[in-house]
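Subject: Structure for you to look at

Hello,

Here is the structure I said I would pass on. My notes follow below it.

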Amino acid sequence: IFKDYFPLNRIFNVTNGVDLDYNFPKKHSKNINILFLSNLLKDKGITNVLDGFVEAFKVRKNITLSLVGVCNDLYIKKKIKLISEKYPVKYFGLADSKEKYKHFKKADIFIFPPIVPEGLPWCVIEALASGLPIIITLNGNGCDLVKNNKNGFVVKDVNEISNKITKLAHDTNLRLKMSKSSKKLYDERFTESQMVKEYSEVFK
């Protein structure tokens, strides 16, 4: 994002950090809840999420999709309404901190596949703290948040979104393994103390 404006030796990378008490032990579950929590915009990948979920549901009937965030786009609102009439998709609207906590607690998989560059999405850090397998695109700093095949999957298109949802919904052991990896990554890199340490190093 910044390399065209500043020399590389004047660009520093400090990860966002926050202490979140999101200790949700993941268990074996027959019904898999997929969570998308962000503004419901095309740039955030919401249309690809919806299309990918529909294709995945044709293979795995045990999945549901929860959508949390502001949606002011009439086209997306209409698309959600039409899909939710046939598939287990529910739109919850904007959530405060207590409601977000409940959504992360109920989730089994987190998905955030933006189609334009992102910085370091706060929602993905929350997903890491929640110990969730994450499906993401590498538009921005996604590589700092998700290690492909370790704590989630890096995807490129709707077909890959569908395939990875299906894979995670089918393989309980894989979900639990990735869940532990996400939590470990959060504890090591995205706490408040780690952020303070990195800022201190930059200032020095």
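Which residues does Ile63 touch, not counting residues up to four places away in sequence? In this predicted model, Ile63 touches Ile32, Ile34, Phe53, Ala56, Phe57, Pro88, Ile165 and Ala169. Ile63 is also one of the residues with the most contacts inside the largest nonpolar core, together with Leu67, Phe104 and Phe110. That core has 58 residues, and helix 1 gives the most to it, with 7 residues. In soluble globular proteins, nonpolar side chains tend to be buried together.

Overall layout

The protein chain has 8 helices and 6 strands. Along the sequence they follow the pattern β-α-β-α-β-α-β-α-β-α-β-α-α-α. The radius of gyration is 17 Å, close to the 17 Å that the globule rule gives for 204 residues, so the chain is as compact as a globular protein of that length. The C-alpha trace spans about 55 × 35 × 30 Å along its principal axes. Of the 204 residues, 49% count as buried. If you take the contacts between residues at least 6 apart in sequence, 72% of them join residues at least 24 apart.

Strand 1 and its partners

Strand 1 covers residues 32–37, and 6 of its 6 residues are buried. Ile32, Ile34 and Phe36 point one way from the strand, while Asn33, Leu35 and Leu37 point the other way. Both sets are buried.

Strand 1 runs parallel to strand 2 (residues 63–68), and 6 bridges join the two. Within this pairing, Asn33 stands opposite Thr64 of strand 2. Helix 1 (residues 46–57) belongs with these two strands in a right-handed β-α-β unit. Strand 1 also runs parallel to strand 4 (residues 109–112), to which 2 bridges join it. There, Phe110 of strand 4 is the bridge partner of Leu35.

Ile34 is a useful residue to start from when you look at strand 1. Its relative accessible area is 1%; because the cut-off for buried is under 20%, Ile34 counts as buried. Leaving aside neighbours within four places in sequence, Ile34 is in contact with Phe53, Ile63, Thr64, Leu65, Ser66, Ile109, Ile111 and Ile165. Ile34 and Leu132 are 98 residues apart in sequence, and 9.9 Å separates them in space, C-alpha to C-alpha.

Two buried loop residues

Leu132 is in the loop between helix 4 (122–129) and strand 5 (134–136). It is buried, with a relative accessible area of 0%. Beyond neighbours within four places in sequence, Leu132 is in contact with Lys26, Phe104, Ala107, Asp108, Ile109, Phe110, Ala127, Asn151 and Ser182. Its C-alpha atom is separated by 14 Å from that of Val154, 22 residues away along the chain.

Asn151, one of those contacts of Leu132, is in the loop between helix 5 (142–145) and strand 6 (152–154). Asn151 has 2% relative accessibility and counts as buried. A polar atom of its side chain lies 2.7 Å from the backbone nitrogen of Lys147. Outside its neighbours within four places in sequence, Asn151 is in contact with Leu128, Leu132, Pro133, Ile134, Leu145, Val146, Met178, Ser181, Ser182 and Leu185.

Glu126 in helix 4

Is Glu126, in helix 4, buried or exposed? At 4% relative accessibility, Glu126 counts as buried. The side chain of Glu126 makes a polar contact with the side chain of Lys100, at 2.8 Å. Lys100 is also among the residues in contact with Glu126 once neighbours within four places in sequence are set aside; the others are Leu20, Tyr22, Leu37 and Phe104. Of these, Leu37 is in strand 1, and Phe104 is one of the residues with the most contacts inside the largest nonpolar core. The C-alpha atoms of Glu126 and Leu40 are separated by 17 Å, with their positions 86 residues apart along the chain.

Regards

How values were computed
Residues are numbered from 1 along each chain as its sequence is written. This is a predicted model: local features need pLDDT of at least 70, side-chain atom pairs count only at pLDDT 80 or more; totals for chains, interfaces and linings use all residues. Side-chain values use heavy atoms; hydrogens and water are left out. Buried means under 20% relative accessible area, exposed over 50%, partly exposed in between (1.4 Å probe, protein chains only). Helices (H or I, at least four residues) and strands (E, at least two) are DSSP runs, numbered from the N terminus. Two strands pair if DSSP finds at least two bridges between them. A crossover is right-handed if, with the strands pointing away from the viewer, the path from the first strand over the helix to the second runs clockwise. Contact means heavy atoms within 4.5 Å. A polar contact is a pair of N or O atoms within 3.5 Å; within protein, one must be able to donate a hydrogen and the other to accept it, and residues adjacent in sequence count only if both atoms are side-chain atoms. A nonpolar core is a set of buried Ala, Val, Leu, Ile, Met, Phe, Trp, Tyr and Cys residues joined through side-chain atoms within 4.5 Å. The radius of gyration is taken over C-alpha atoms; the globule rule is 2.2 Å times the number of residues to the power 0.38.
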